[in-house]
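Thanks for coming, everyone. I would like to use these few minutes to walk through one ligand site and what surrounds it, so please have the sequence and the model open as I go.

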Amino acid sequence: MKKILVTGALGQIGSELIGKLRGIYGAENVIATDIRKVESDVVTNGPFELLDVMDDKAMFSIAKKYEVDTVMHLAALLSATAEAKPLLAWNLNMGGLVNALEVSRELNCQFFTPSSIGAFGPATPKDSTPQDTIQRPTTMYGVNKVAGELLCDYYFHKFGLDTRGLRFPGLISYVAPPGGGTTDYAVEIYYEAIKEGKYTSYIDKGTYMDMMYMPDALQAIVSLMEADPANLKHRNSFNVTAMSFEPEQIAAEIRKHIPSFEMSYNVDPVRQGIANSWPNSIDATCAMEEWGFKAEYDLEKMTKDMLEKLKQKLS
Ligand code: AKB
């Protein structure tokens, strides 16, 4: 990776990935793009271009202008929004992906796009979900993710394109909020704990989902993209996770720092239904064996860091 184009750069992952990539590869070598422009480090600390990923010609011309050799395609609708607007999700998630793959094929770029635990469904084994298993999701987001994984594999086999991906769990960070996801409660809870001392969860107690702190997610992207291709038996996409918990456990961890923190529930049937269709915990052994994936943060370490950083941010 020497010159990298990132789509959806102002989203939850992009807002932090851009800084990490610019730190490693040089600010001028990371071209951030997004459909909107807001005053931020992403926009001011290096090249930034407005880009609607549905516009294939614009994407190609930006990639060509900067002579990129890597495309990281992040722009997508998350699970809950995709369920509310399934046709838009299909058009944007699949249309954006195919445009990014085509640009990469024409310019012979290395390619990354995230998949998700949403690529699994009710028929998937729930605990320690293997890398290779049943993938019959019942959500539009899941359909997009499975189709995306297959499409990326197709571009690898058919055109020799160096496509790589990660099945991310819920990502937790204090920098940019997620939007429209099912796992977002695990970010909101920290904000509300500090601001209000209480949180009403839309996910019911006892619902386990995989999660990961953003620094581990960013490192996983870089490690996978830098991995020797000779060691990759899989490509699209690798299971990665750092922890699995249910709402009562994150609340208990927060109470170690804010003893008066109160948790209540007002379950959202749509997001609860999505969560119920996903695994309780996934197995990341293939990622560990094939390219050395390792997560540094567990629930305890992440909670301490989140609360410290958010207190500074919100004060
Ligand atoms: C979502 O909840 O939609 C995402 C995901 C797990 O892919 N955070």
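Let me start with threonine 182, where a backbone N or O atom lies 2.7 Å from an oxygen atom of the ligand; please keep in mind throughout that what we are looking at is a predicted model. Two serines also come into the picture through their side chains: an N or O atom in the side chain of serine 79 is 2.5 Å from a ligand oxygen, and for serine 116 the corresponding distance, again from a side-chain N or O atom to an oxygen of the ligand, is 2.6 Å. On its own the ligand has 260 Å² of accessible area, and the protein covers 94% of that.

Where does the ligand sit? It is found in the largest pocket. Around the ligand we find Leu78, Ser79, Ser116, Ile117, Tyr141, Pro169, Gly170, Gly181, Thr182, Thr183 and Trp278, and when this shell is sorted by character, it comes out as 5 nonpolar residues, 6 polar ones and no charged ones.

Now to the wider setting. The domain assignment splits the chain into domain 1, covering 4–169 + 213–239, and domain 2, covering 170–211 + 242–280 + 296–314. Taken over C-alpha atoms, the centres of domain 1 and domain 2 are 24 Å apart, and the contact between them takes 28 residues from domain 1 and 31 residues from domain 2.

Which domains supply the shell around the ligand? Both domain 1 and domain 2 do, each with at least three residues.

Definitions and conventions: Residues are numbered from 1 along each chain as its sequence is written. This is a predicted model: local features need pLDDT of at least 70, side-chain atom pairs count only at pLDDT 80 or more; totals for chains, interfaces and linings use all residues. Side-chain values use heavy atoms; hydrogens and water are left out. A residue is near a molecule or strand if one of its heavy atoms lies within 4 Å of it. A polar contact is a pair of N or O atoms within 3.5 Å; within protein, one must be able to donate a hydrogen and the other to accept it, and residues adjacent in sequence count only if both atoms are side-chain atoms. Accessible areas come from the Shrake-Rupley method with a 1.4 Å probe; for residues, only the protein chains shown count as cover. On a 1 Å grid over the protein atoms alone, a cavity is a set of points where a 1.4 Å probe fits but cannot get out, and a pocket is an open set with protein on both sides within 12 Å along at least five of seven lines; lining residues have an atom within 4 Å of a point. A molecule sits in a cavity or pocket if more than half of its atoms lie within 2 Å of its grid points. Ala, Val, Leu, Ile, Met, Phe, Trp, Tyr, Cys and Pro count as nonpolar, Asp, Glu, Lys and Arg as charged, and the others, Gly among them, as polar. Domain bounds come from an automatic or database domain assignment. Contact means heavy atoms within 4.5 Å.
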